[in-house]
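Hi there,

Here is the structure I promised to pass along. Have a look at it first, and my notes follow underneath.

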Amino acid sequence: MTCTDFLKQLTDYFDGQVEPELLAEVQTHVRECHHCEVVLDTTRQTISIYREHEIYEFPAELRERLHAAIMKKCTGAR
Ligand SMILES: [Zn+2]
């Protein structure tokens with residue numbers, strides 16, 4: 001799994017709609033990739049804040065920002 005794949009699966013992951021095999025891949029990627037681990041943690045925290053305020057829809061704007069941030073880091077690292 002690449003960082004791009006990871007990001008594509010991120011919203012499904014938090015929706016709990018991800019296949020078990022894919023879930024395993026996501027978890028493996030996060031163990032190996034610190035950038036995505038940070039993204040996952042940040043997203044999880046953000047979502048818990050949203051849930052507290054009863055906003056259940058994952059904000060597209062947030063996804064865009066996360067995507068831009070991670071792509072910048074990942075491409076910059078290589
Ligand atoms: Zn990654």
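**A threonine in α3**

The side chain of T43 comes within 2.6 Å of a backbone oxygen, that of V39. Please keep in mind that this is a predicted model. T43 sits in helix α3, which covers residues 34-52. Its relative accessibility is 1%, so T43 counts as buried, the cut-off being under 20%. The contact partner, V39, turns up again in the core described further down.

**The zinc site**

Which residues hold the zinc ion? The protein donors are C3, C33 and C36, each through SG, and H29 through NE2. These atoms lie 2.1 to 2.3 Å from the zinc ion. Along the chain, the donors follow the spacing C-x25-H-x3-C-x2-C. The angles that the four donor atoms subtend around the zinc ion run from 96 to 115°, and therefore the arrangement is tetrahedral.

I also looked at how accessible some of these donors are. H29 has a relative accessible area of 7%, so it is buried. C36 is buried too, with a value of 0%. C3 is among the buried residues of α1.

Next to C3 in the numbering is T2, in the segment before α1. T2 is partly exposed, at 43% relative accessible area. Between T2 and the zinc donor C33 there are 9.3 Å in space, C-alpha to C-alpha, although the two are 31 residues apart in sequence.

**Helix α1**

Helix α1 spans residues 3-15, 13 residues in total. From first C-alpha to last, α1 reaches 19 Å, close to the 18 Å expected at 1.5 Å a residue. Where is the kink in α1 centred? The kink, of about 40°, is centred on Q9, and Q9 is also one of the buried residues of this helix. The others are C3, F6, L7, L10, T11, Y13 and F14. Just after α1, G16 takes a positive phi of about 75°.

**The nonpolar core**

In soluble globular proteins, nonpolar side chains tend to be buried together. Here, the largest nonpolar core has 17 residues, and those touching the most other members are F6, L10, V39 and L40. The elements that give two or more residues to this core are α1, α2 (20-32), α3 and α4 (60-77). The largest share, six residues, comes from α1.

Happy to go through any of this with you whenever it suits.

Best wishes

How values were computed. Residues numbered from 1 in each chain as written. Predicted model: local features only at pLDDT ≥ 70, side-chain atom pairs only at ≥ 80, totals over all residues. Heavy atoms only, no water. Helix = DSSP H or I, 4+ residues; strand = E, 2+ residues; numbered from the N terminus. Expected span 1.5 Å × (residues − 1). Bend = angle between axes of the 7 residues up to and from the residue. Buried < 20%, exposed > 50% of the residue type's maximum accessible area, 1.4 Å probe, protein only. Donors = N, O, S within 2.8 Å, 3.2 Å for Na, K, Ca; no water. Tetrahedral: all angles 85-135°; square planar, octahedral: opposite > 155°, others 65-115°. Polar contact = N/O pair within 3.5 Å; in protein donor to acceptor, adjacent residues only side chain to side chain. Core = buried A, V, L, I, M, F, W, Y, C linked by side-chain atoms within 4.5 Å.
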